Amino acid sequence: MKPFPHYSKRQVDELDGLWDFAFFEGESLLDVEVANICFKKRTPVPAAFDTLPDQRAKRGTAAYRRILQIAPNSRSLLEFGAVSFTCRILIDGVCLKEHFCGYSPFEVELPVSDKRERELIVLADNRFDFERTPMHEAFFDFYQFGGIIRQVFLHHLPGNAIMDVHVDVQDLGNRLVKVAGRLDGQGVQDKEITITSLDINAESATAIADESGCFETTLSLGDAELWSPDSPALYCLHLCCGEDDMIVRFGFREVKTEGCKLLLNGEPVRLLGYNRHEYFPNYGPSTPYSQMVADIQILKDTGCNFVRGSHYPQDQHFLDLCDELGMLVWEEALGWGQREKQLTDKRFQEHHRVSLEEMVARSYNHPSIIIWGFLNEASSDEEFARPIFEESISYLRSAGGNRLVSYASMFPDKDLYFGLCDVVSINMYPGWYGCEDHPDPLSLIVPHIRAQIEKLAAAGLDDRPFLISEIGCEGLRGWHDEQRDFHSEEYQHDYLKLVCEEAVANQNLLGVCLWHFSDAKTYAGGRALMRPRAFNNKGTFDEYRRPKLGRDAVRSAFIKSQS
Ligand code: ADA
């Protein structure tokens, strides 16, 4: 199944299935001699190769091969959902692309050939190597898997192909949308693109491509309903030009801030939800589609309207589901705790910039995404971070459509860039980290939240919404303790109860995004010292989505706030 956009004329092949495979343990993709690879094995795509028994937990370079059937002398393009960490894409032995962020979607156009059979080789290297892949670091508090972790599609393109279509709501009241895109190919100037609604009986619009192929027009869909979590109305537009077409899906909604409130379609909304890692046992980051649906059902059942895709761009299937089932989303680029070494490194800066562009390009039309984020818990308290923070914020503002911009900070008292954001977002762990000698750590939580609100007001930052972007504590499922001590389900229950009741009652908060939805695998070896089972156990659900005691506390606070 293909996530949106869809096509009815253009042929798009799903390349799911068994690919030829070889694995070079410990080796960099630079050291693998492609011409000499002996593809003795077969492996499934999509999947993280290091979740499979043959390579479980190994690091090195995986080589994948697949023969593509493409009509001779015709255009074609490969769409990759994500290849982790760093990869090379080769066609008929020639490297067409190197890609450096393991969670970002990207595309590669193939050179035209008179051959029908084309050999695709993908090299995916999951070793940590700052010099080559500075976006991925071993210190991130989540296990980073390798391989072709999301779906791959082969687009058979006509001479002129419709690309990069963005739909923007221009006038919510009149249900007016602007549709912009690009016709790619030779002699595109003056070509007509017709745009028709597939759901609403409205007049089609026509756009004319300029000399660079760009086109833009507006369309009014008079009877359309608004999109919201409670009523996630979606509409499809069919763009046609000659032999090519594209079906884009969008929703009518508007997000903005007014003082410390967030308004969705003019109505204030509180954000109540979870941070979620894309992780399920045995599949790692390649969560099955049905599990994504289950996760959204669980989130809704717990009274949530909001999910933060921590800490990387989400699978397009998950975002499609959030659009369809009605879940507000914070979508962020890959980042975790980067410091001076990374933030001032030219390669890191370049890869980060590309990953923001890839995220925005691919996720633009999802009405569910209301916040763009980036660089979770990076050094936002330091001047050396100014260029990357300023550039990222200004890029997301100008290119990101109708969305708010934020980042999750761990330096609330010294943060330098809050003033540039639409929403101030703070990760905090009162009553968990740093309270070793306190007799009653739970008593720290509510005062800490309230003090934070006062500090933001004193700094003049109460003119915009304040979101608790992370808060939580560990609870080991099945570990019960009469003393309700650390790591027990009881302590986690009491913790979440205090947090959620405060979050729904305190009018100075935009809401809370709990850390986190379900337990997820993290550091291996010695780095797992503070992480029993080598998992981040702060999930309200364990890795199989079995609820812990805290679920009821969250649910009753969140659901009460809806009534
Ligand atoms: C941070 C970080 C999370 C997780 C959390 C924790 O806030 O953003 O990814 O590591 O801490 O569990 O300590």
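These are my notebook entries on the ligand site, the cavities, an annotated domain and some backbone details of one structure.

**Model.** I am working from a predicted model. I kept that in mind for each lookup below.

**Ligand site.** I began with the residues around the ligand and found 13 of them. Those that come nearest are Asp 141, Glu 377, Tyr 433, Glu 470 and Lys 538. I then sorted the shell by class and noted five charged residues, four polar ones and four nonpolar ones.

Next I looked up polar side-chain atoms facing oxygen atoms of the ligand. For Asp 141, I noted a distance of 2.4 Å between an N or O atom of its side chain and a ligand oxygen. Asp 141 is also among the residues that come nearest to the ligand. For Arg 531, a polar side-chain atom lies 3.2 Å from an oxygen atom of the ligand. For Trp 515, the corresponding entry is 3.4 Å, again from a polar side-chain atom to a ligand oxygen. I also asked how much of the ligand's area the protein buries. The ligand taken alone exposes 320 Å², and 96% of that is buried by the protein.

**Cavities.** How many cavities of 30 Å³ or more does the structure hold? I found three.

I took the largest cavity and wrote down about 150 Å³ of space. Its lining is made up of 14 residues. Val 167, Asp 168, Val 169, Gly 251 and Arg 253 lie nearest the centre of this cavity. Which element gives the largest share of that lining? Strand S13, residues 161-171, does, with three residues. By class, I have six nonpolar, five polar and three charged residues in the lining of the largest cavity.

I then turned to the second largest cavity, which holds about 130 Å³ of space. I listed 13 residues as its lining, and the closest to its centre are Pro 3, Gly 81, Arg 150, Asp 315 and Gln 316. Strand S5 (75-80) and helix H2 (316-325) each contribute at least two residues to this lining. The class split for the second largest cavity is four nonpolar, five polar and four charged.

**Annotated domain.** I checked UniProt, where an unreviewed entry lists residues 257-528 as "domain: Glycoside hydrolase family 2 catalytic". In the model, I read 33% helix and 18% strand over residues 257-528. The C-alpha atoms at the two ends of that stretch are 40 Å apart.

**Backbone details.** I looked for cis peptide bonds and recorded one between Ser 84 and Phe 85, with omega about -10 degrees. Phe 85 sits in the loop between strand S6 (83-84) and strand S7 (86-91). I recorded another cis peptide bond between Ser 310 and His 311, where omega is also about -10 degrees. His 311 is in the loop that runs between strand S24 (306-309) and H2. I had already met H2 as a contributor to the lining of the second largest cavity.

Last, I checked phi at Asp 92. The angle is near 50 degrees, a positive value in a residue other than glycine. I placed Asp 92 in the loop between S7 and strand S8 (94-99).

Technical notes. Residues numbered from 1 in each chain as written. Predicted model: local features only at pLDDT ≥ 70, side-chain atom pairs only at ≥ 80, totals over all residues. Heavy atoms only, no water. Near = heavy atom within 4 Å. Polar contact = N/O pair within 3.5 Å; in protein donor to acceptor, adjacent residues only side chain to side chain. Areas by Shrake-Rupley, 256 points an atom, 1.4 Å probe, with all protein chains shown as cover. Nonpolar A, V, L, I, M, F, W, Y, C, P; charged D, E, K, R; others polar. 1 Å grid on protein atoms, 1.4 Å probe; cavity = no way out; pocket = protein on both sides within 12 Å on 5 of 7 lines; lining within 4 Å. Points joined across faces, edges and corners; volume = space filled by probe spheres on them. Helix = DSSP H or I, 4+ residues; strand = E, 2+ residues; numbered from the N terminus. UniProt positions renumbered as here; feature names shortened; annotations may be inferred.
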